[in-house]
Amino acid sequence: MATNKELAELIFPDVKETVKDLDKRFPPRTLPEGAEVTRFAPSPTGFLHTGSLFTAMIAHKFANQSNGIYFFRLEDTDQKREIQGTGLDLVKQLKNFGIVSDEGYFGDHEEGAYAPYTQSKRAEIYKIVIKDLIKRGRAYPCFCTKDDLDDLRAVQEANKVIPGYYGEYARCRHLSLDEMIANIKAGKPYVIRFKSKGNHLEHVRVHDEIRGDMDLSQNDQDIVIYKSDGLPTYHFAHLVDDHYMGTTLVTRGEEWISSLPIHIELFEAMGWKAPKYAHLPVIMVNDKETHNKRKLSKRKDPEAAVSFFLEQGYPKEGVIKYLMTIANSNFEAWLLENPKADLKEFKLSFEKFSLDGALFDMPKLCNISKEVLANYDKTTFTDQCLAWAEEYSEELASLIKRDRPYFESIINIERDQEKPRKDYEKFSDVLEKVRLFYADEFDKLLAKGELPFNDNIQKEVIASVLEDFVSTLDLKNQDENTWFAEMKVLGTRHGFADDRKVYKKDPTSYVGWYADCISIVRVALCCSTQSPKLFDVLTLLGEEEIKRRVAEVLKTL
């Protein structure tokens, strides 16, 4: 009669190392008390999803705040779905948001004592562990074809029982060892399945760091752990990797809760301590068509892709701060009290996580981003803006490089004060807002069409105001207060009231009030009714450019 050892040797004749050898090759980590070892372990099958950024951010934060280790593992065992180059893209996009691994896969190389961190390079490690399971009778070859499995499902549906490969329906687990060996020698294709000892009618108590203790149905499925292509499935690979990489905390989406009994049983079968698990709430949106909540979708929602925020130029700090408001209920209050504090000062806590899926709130993200950009000093703002522009806006990058100190002066308008001006929510807003400060860009704006002067004010009045304005302008001897006072006097010379209440009381006696007079100057110099503080605009433009612009505008009148 054949033995499990003979079966294991037949399947893996070239595997000579044992689990004990792996224990020596990958010894336990030596870390400070309370330090967490976390990981981000995506598949290279597409773009970085916003939900994945959320997951990675949390894993990175828990490792950092506990003086632990955060590593990146590339889970590429499903090679049919792999898209070449996306692994490197994932690393780069995370780096854009300040999420950089302490060790692991870095796209073009790997670093760390627990390498390799790419699952396809760990095939021999998985074989060693699977061979051990076969020897102990906890795994076996399955020869069922796709048609066999389809027939099995049909029978289960007809009998209205839970579908899957388990118990009496796990046909190949009931083969004798001699039959298994004979099938392999006959060249029948096969996969390796885990032999479960569970019963779905009974429960296992599992602990989740966010939800606490949960009673879930035991796993009784004989899941596939080793495919015919020589690579393991996700369920098995993550077991081996998390053990031998010393993972202490796994953060992942709540959709994995149903798989937790499988993973717990796999760890128990190997005699290994399972890591702690924290299943994060799913990020939701309100569907515009159905008005119901649904998961953030990469097919329907542009904000589902992290590339959306990168291309639009949202500050990485703003996006991360917004995601932190989803993570912890107390973060928003902390942020209001500490708008300029380093995020490292905030301690993330599982107790403050919501159990419900949070709605993705673009207006809130935009407000946080405005706050972030407003609190940057001019140098930081320009550094980040230029880095973005060099990748996404050649025109803006050219303007910045033309005269960086001048650009910084534009950006610094109403910035260095207790309540800074909030002009920008993302770097893609910058070009249109700064164009007016450049002579050639102003000329392009002017050439586009009519200026938005107040239709109630005659062109003759507009022209006389502008001529008077340039003839009396003396920036060398004016500060903001004296200039403002002189603009009021100029307005009264041309029939504008210097008090809004007076104008409202008797509008027929005045052309407008002094703000309407100042608006004429603003439109003439900025081609818009809106701009930063006008005196700051005047100071930056200088008298020569101001007079040139007014002369050009007068030609259009």
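Let me start in helix H23, residues 534-556, where Lys555 and Glu552 both sit, 3 residues apart, which is about one turn of the helix. Please keep in mind throughout that what we are looking at is a predicted model. Between these two residues there is a salt bridge, with the closest N and O atoms 3.2 Å apart. As for their surroundings, Lys555 is exposed, its relative accessible area being 64%, while Glu552 has a relative accessibility of 25% and therefore counts as partly exposed.

A second pair can be described in similar terms. Glu441 and Lys444 both belong to helix H18, residues 439-447, and they too are 3 residues apart, about one turn of the helix. Their side chains meet in a salt bridge at 3.3 Å, N to O. Here Glu441, at 4% relative accessibility, counts as buried, whereas Lys444, at 47%, counts as partly exposed.

Those are two of the salt bridges, and you may ask how many the structure holds. The count is 44, and I would like to pick out one that does not lie within a helix, namely the bridge between the side chains of Asp287 and Lys300, at 3.9 Å, N to O. Asp287 lies in the loop between strand S12 (284-286) and strand S13 (293-295), and Lys300 lies in the loop between S13 and helix H10 (306-312), so this pair ties together parts that are 13 residues apart in sequence. Is Asp287 buried or exposed? With 8% relative accessibility Asp287 counts as buried, while Lys300, with 54%, counts as exposed.

Some of the charged residues are joined in a network of salt bridges, and the members of this network are Arg39, Arg73, Glu75, Arg122, Asp241 and Asp242. If you want a residue to look at alongside that network, I suggest Thr247, which is placed in the loop between helix H8 (234-244) and strand S10 (249-253). Thr247 is buried, with a relative accessible area of 7%. Once its neighbours within four places in sequence are left aside, the contacts of Thr247 are Val37, Arg39, Phe71, Arg73, Asp242 and Pro275, and you will recognise Arg39, Arg73 and Asp242 among the residues of the network.

Let me turn to how two of the helices meet. Two packed helices are described by the angle between their axes and the distance between the axes. For helix H3 (residues 50-65) and helix H11 (residues 316-327), the axes come within 10 Å and cross at roughly 80°, which makes H3 roughly perpendicular to H11. On the H3 side the contact is made by Thr50, Leu53, Phe54, Met57, Ile58 and Lys61, and on the H11 side by Val319, Ile320, Leu323, Met324, Ile326 and Ala327. Sorted by class, this contact has 10 nonpolar residues, 1 polar residue and 1 charged residue.

Next comes a sheet. It is an open one, formed by 3 strands in the order S5-S6-S9, with antiparallel pairing. Which are its edge strands? They are strand S5 (139-142) and strand S9 (224-226), each of which pairs on one side only. On average, and with direction ignored, neighbouring strands of this sheet are turned by 45° against each other. Strand S6, residues 191-194, pairs with S9 in the antiparallel sense over 2 bridges, and Arg193 is found opposite Val224 in S9.

I will finish with the backbone. Most residues other than glycine have a negative phi, and most peptide bonds are trans. With that as background, the peptide bond from Ala115 to Pro116 is cis, its omega being near 0°, and Pro116 is placed in the loop between strand S4 (110-111) and helix H5 (123-135). Asn67 has a phi near 60°, a positive value in a residue other than glycine, and Asn67 is located in the loop between H3 and strand S2 (69-72). The phi of Glu414 is likewise positive, near 55°, and Glu414 is in the loop between helix H16 (404-411) and helix H17 (430-434). As to accessibility, Asn67 counts as exposed at 60%, whereas Glu414 counts as buried at 17%.

Methods:
Residues numbered from 1 in each chain as written. Predicted model: local features only at pLDDT ≥ 70, side-chain atom pairs only at ≥ 80, totals over all residues. Heavy atoms only, no water. Axes fitted to C-alpha atoms, helices over the stretch in contact; angles between N-to-C directions. Helix = DSSP H or I, 4+ residues; strand = E, 2+ residues; numbered from the N terminus. Parallel < 35°, antiparallel > 145°, perpendicular 65-115°, else oblique. Contact = heavy atoms within 4.5 Å. Nonpolar A, V, L, I, M, F, W, Y, C, P; charged D, E, K, R; others polar. Pairing = 2+ DSSP bridges. Salt bridge = Lys/Arg side-chain N within 4 Å of Asp/Glu carboxyl O. Buried < 20%, exposed > 50% of the residue type's maximum accessible area, 1.4 Å probe, protein only.
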